[in-house]
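Please look over the sequence and the fold below before reading on. The paragraphs that follow take up a few features in turn and say where each of them sits.

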Amino acid sequence: MSILHINDESFEKVITDGIVIIDFWAEWCGPCRMFGPVFEASAAANTDIKFAKFEIDEGNRRTPAKYGIRSIPAVLAFKDGEVVATKTGLLSAGELEEFIKEVKG
């Protein structure tokens, strides 16, 4: 499954069903750019769940504020619309896979 690019308007529709892993990021953020390929590889390897990227600088301030995003990159995991796990900072491929395993249960 390809990575969805979401914003304040589409956010709620995307998180309502199943497991969704969301990367909150910004173009100017160096660690975010470094994390991008790791996130993409994980999305390719975990086709049974949804992956989405949320650009915080595109006038999309409501959702990050709602979920307390204060630093990026931040990865939030949702199950059927509820936050079940959060990680902040640059994650390695192994750390992201461990995070996903925990979320899947």
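The link between Cys 29 and Cys 32 is right-handed, with 75° about the S-S bond. The model is a predicted one, and in it the sulfur atoms of Cys 29 and Cys 32 lie 2.5 Å apart and form a disulfide. A search of the whole structure finds one disulfide, and both of its partners, Cys 29 and Cys 32, are buried.

From these cysteines one can move to Ile 72, since both Cys 29 and Cys 32 are among the residues in contact with Ile 72 once its neighbours within four places in sequence are left aside. The other contacts counted in this way are Phe 24, Trp 25, Ala 26, Trp 28 and Ile 56. Ile 72 is found in the loop between helix 3, residues 62–66, and strand 4, and it counts as buried because its relative accessibility is 16%, where the cut-off for buried is under 20%. The bond from Ile 72 to Pro 73 is a cis peptide bond, with omega about 0°, and Pro 73 likewise has its place in the loop between helix 3 and strand 4.

A second point of backbone geometry concerns Asp 80, which has a positive phi of about 50° although it is not a glycine. Most residues other than glycine have a negative phi, and most peptide bonds are trans. Asp 80 lies in the loop between strand 4 and strand 5, the latter covering residues 82–88, and it counts as exposed because its relative accessible area is 52%, with the cut-off for exposed set at over 50%.

Which residues have the most contacts inside the largest nonpolar core? They are Ile 6, Phe 11, Ile 22, Phe 24, Phe 54, Ile 72 and Phe 78, in a core of 19 residues. At least two residues of this core come from each of helix 1 (11–15), strand 2 (19–25), strand 3 (50–55) and strand 4 (74–79), and strand 2 gives the most, with four residues. Apart from this core lies another, of 17 residues, among them Ile 3, Phe 39, Leu 91 and Val 103. Back in the largest core, Phe 78 has contacts beyond its neighbours within four places in sequence, including Phe 11, Ile 15, Ile 22, Tyr 67 and Val 84.

The aromatic rings give another way through the model, in which a search of the whole structure finds eight aromatic pairs. Phe 24 and Phe 54 form a tilted pair, 5.0 Å centre to centre and with 40° between the planes, and this pair links distant parts of the chain, with Phe 24 in strand 2 and Phe 54 in strand 3, 30 residues apart. Phe 24 is buried because its relative accessible area is 0%, and Phe 54, also at 0% relative accessibility, counts as buried. Phe 39 and Phe 51 form an edge-to-face pair, 5.3 Å centre to centre and with 75° between the planes. Because Phe 39 lies in helix 2 (residues 30–45) and Phe 51 in strand 3, the pair ties together parts that are 12 residues apart in sequence; both Phe 39 and Phe 51 are buried.

Phe 24 and Phe 54 also belong to one aromatic cluster together with Phe 11, Tyr 67 and Phe 78. A ring and a charge meet at Trp 25, where the charged end of Lys 53 sits over the ring, 4.8 Å from its centre.

Notes:
Residues numbered from 1 in each chain as written. Predicted model: local features only at pLDDT ≥ 70, side-chain atom pairs only at ≥ 80, totals over all residues. Heavy atoms only, no water. Core = buried A, V, L, I, M, F, W, Y, C linked by side-chain atoms within 4.5 Å. Buried < 20%, exposed > 50% of the residue type's maximum accessible area, 1.4 Å probe, protein only. Contact = heavy atoms within 4.5 Å. Phe/Tyr/Trp six-rings, centres within 6.5 Å; stacked < 30°, edge-to-face > 60°. Lys NZ or Arg CZ within 6 Å of the ring centre and 35° of its normal. Disulfide = S-S within 2.5 Å.
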